[in-house]
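Here is a briefing on one protein chain. Look over the sequence and the coordinates before the notes that follow.

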Amino acid sequence: MITVAARPPAWDILEAALAQRRPVRLTYHGRQRTVCPHALGWKNDKAMLLAYQSSEQTSTGALPGPRQGWRNLFVDEICDVTLAGPAAAWETADNYNAASPFNSIDRLSLAIA
């Protein structure tokens with residue numbers, strides 16, 4: 001039997017943003033980021049988000065290129081999540097695939113098709 005932990009508080013906003021293809025502003029490991037949610041699910045019973053980050057800094061510095069903006073973020077480690085303003089554009093990369101190896105979600109709940 002598969003058990004799934006309770007959904008973290010940030011889940012509902014991320015789910016709405018994903019369904020509407022809206023970017024979100026959030027804090028992850030002390031860094032503010034604007035990301036576009038692409039998939040939500042579970043990795044080893046922890047809620048995980050696959051998001052595309054097209055600008056700003058990461059924990060390793062500036063983003064190296066458009067195909068490398070993919071981030072897997074544990075949802076319970078996300079703080080201060082809000083829908084981005086109307087001027088923020090939805091972004092993705094041409095290498096998106098919900099089943100891609102860079103997506104480390106084990107059990108997918110919702111994803112952009």
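R107 has a relative accessible area of 24%, so this residue counts as partly exposed. The coordinates are those of a predicted model. R107 pairs with D45 in a salt bridge, where the closest N and O atoms are 2.8 Å apart. The two residues lie 62 apart in the chain, R107 in strand β8 and D45 in the loop between β2 and β3. D45, at 32% relative accessibility, is partly exposed too.

**Overall layout**

- The protein contains one helix and eight strands.
- The order from the N terminus is α-β-β-β-β-β-β-β-β.
- There are 113 residues, and 41% of them are buried.
- Take the contacts between residues at least 6 apart in sequence: 65% of these join residues at least 24 apart.
- The exposed area is about 6000 Å², with 53% of it supplied by carbon and sulfur atoms.

**Salt bridges**

- Side chains of opposite charge can pair when their charged atoms come close.
- Six salt bridges are counted in the model.
- One of them joins D106 and K43, with 3.6 Å between the closest N and O atoms.
- K43 belongs to strand β2 and D106 to the loop between β7 and β8 (107–111), so this bridge ties together parts that are 63 residues apart in sequence.
- D106 is partly exposed, because its relative accessibility is 44%.
- K43 has a relative accessible area of 24% and is therefore partly exposed.
- Another salt bridge links D76 with K46, at 3.8 Å from N to O.
- This pair also connects distant parts of the chain: K46 is in strand β3, D76 is in the loop between β6 and β7, and 30 residues separate them.
- D76 is partly exposed at 47% relative accessibility, and K46 is partly exposed at 30%.
- R7, D12 and E15 form one network through salt bridges that share partners.

**Aromatic rings and a charge over a ring**

- K46 has a further contact: its charged end sits over the ring of F74, 4.2 Å from the ring centre.
- A pair of aromatic rings is described by the distance of the centres and the angle of the planes.
- The model has three aromatic pairs.
- Y52, W70 and Y96 make up one aromatic cluster.

**Nonpolar core**

- In soluble globular proteins, nonpolar side chains tend to be buried together.
- The largest nonpolar core here holds 27 residues, and the members that touch the most others are L14, L26, L49 and I78.
- At least two core residues come from each of α1 (11–20), β1 (24–28), β2 (31–43), β3 (46–52), β6 (70–74) and β7 (78–83).
- Strand β3 gives the largest share of this core, six residues.
- Which residues does I78 touch, not counting residues up to four places away in sequence?
- The contacts of I78 are A10, L14, L26, T27, Y28, L49 and L73.

**Points to keep in view**

- Strand β3 supplies six residues of the largest core, and K46 in strand β3 also reaches D76 in the loop between β6 and β7.
- The loop between β2 and β3 holds D45, the partner of R107 in strand β8.
- L14, L26 and L49, three residues named among the best-connected core members, are also contacts of I78.

Notes
Residues numbered from 1 in each chain as written. Predicted model: local features only at pLDDT ≥ 70, side-chain atom pairs only at ≥ 80, totals over all residues. Heavy atoms only, no water. Phe/Tyr/Trp six-rings, centres within 6.5 Å; stacked < 30°, edge-to-face > 60°. Lys NZ or Arg CZ within 6 Å of the ring centre and 35° of its normal. Core = buried A, V, L, I, M, F, W, Y, C linked by side-chain atoms within 4.5 Å. Buried < 20%, exposed > 50% of the residue type's maximum accessible area, 1.4 Å probe, protein only. Helix = DSSP H or I, 4+ residues; strand = E, 2+ residues; numbered from the N terminus. Contact = heavy atoms within 4.5 Å. Areas by Shrake-Rupley, 256 points an atom, 1.4 Å probe, with all protein chains shown as cover. Salt bridge = Lys/Arg side-chain N within 4 Å of Asp/Glu carboxyl O.
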